[in-house]
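Visitor: Please give a close and connected account of the sheet in this model. I should like the cut-off behind each term to be stated where the term is used.

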Amino acid sequence: VEKKYPRTLNIQVHERVPIGTWCRQSDCQYFDAKGVRWGSAIPSKGPLLLSVQDARPTNSWDDNIFASLKIIVGALSSMGLRTITVTLPNSAPGDLWVRVSAGYDIIFDALADIQDQLDTLAVFVADKVADVSWKPQYIDLRTPGRVYFK
């Protein structure tokens with residue numbers, strides 16, 4: 001908003017573009033690339049909007065976790081792994097579970113070195129891509145430089 005004397009008022013409006021829905025239990029809101037949440041949304045899973053399920057006990061916003069979430073989703077997409085849902089469980093601080101379209105979860109520590117975890121995942125997935133019988137339930141990357149899977 002800018003006021004120009006004597007009788008002019010300029011107002012610039014920018015529309016927020018949602019990139020996903022952020023849900024706490026059954027209460028969902030849209031969110032944009034800056035992390036701003038607004039409105040009311042229905043819980044959904046699909047290719048258009050990222051679905052985030054927040055099971056933490058408080059409704060606090062952590063910029064570090066959100067920044068890590070954006071990096072992870074972008075990097076997984078470039079690896080050919082489409083993100084279905086992201087879950088912030090009520091367990092260890094920083095835990096972030098990503099369900100991918102291949103049918104398994106990838107567990108990250110959003111408060112640790114994300115790039116190291118993504119590099120470790122890229123090497124691991126490149127090694128396993130040739131094995132058609134490999135069907136994991138989850139891949140855990142929370143320990144630096146190591147991969148645990150079941």
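Guide: Two strands count as paired if DSSP finds at least two bridges between them; strands (E, at least two residues) and helices (H or I, at least four) are DSSP runs, numbered from the N terminus. The model is predicted, and for that reason local features need pLDDT of at least 70 and side-chain atom pairs count only at pLDDT 80 or more, while totals for chains, interfaces and linings use all residues. Residues are numbered from 1 along each chain as its sequence is written, and side-chain values use heavy atoms, with hydrogens and water left out.

The sheet is open and has nine strands with mixed pairing, in the order β5-β4-β3-β6-β7-β8-β9-β10-β11. Its edge strands are β5 and β11 (148-149), each of which pairs on one side only. Helix α1 (residues 63-78) packs on the sheet and touches β3 (20-24), β4, β6 (50-54), β7, β8 and β9; contact means heavy atoms within 4.5 Å. The direction of α1 makes about 25 degrees with that of β8, where axes are lines fitted to C-alpha atoms, for helices over the stretch in contact, and angles run from 0 to 180 degrees between N-to-C directions. Helix α2 (residues 114-128) also packs on the sheet, touching β9, β10 (138-140) and β11, and its direction makes about 155 degrees with that of β9.

Two hairpins share strand β8. Strand β7 (residues 83-88) runs antiparallel to β8 (residues 95-100), joined by four bridges; T83 stands opposite V100, and V86 has V98 as its bridge partner. Six residues lie between these strands, and G94 takes a positive phi near 95 degrees. Strand β9 (residues 105-109) pairs with β8 in the antiparallel sense over five bridges, and R99 is partnered by D105. Four residues separate β8 from β9, with G103 in the turn at a positive phi of about 100 degrees.

At the β5 end, D32 is placed in the loop between β4 (27-31) and β5 (37-41). D32 is buried, with a relative accessible area of 6%; buried means under 20%, exposed over 50% and partly exposed in between (1.4 Å probe, protein chains only). A polar atom of the D32 side chain lies 3.1 Å from the backbone nitrogen of K34, and one lies 2.9 Å from the backbone nitrogen of V36. Leaving aside neighbours within four places in sequence, D32 is in contact with R16, V17, P18, I19, W38 and F66.

Conventions. Polar contact = N/O pair within 3.5 Å; in protein donor to acceptor, adjacent residues only side chain to side chain.
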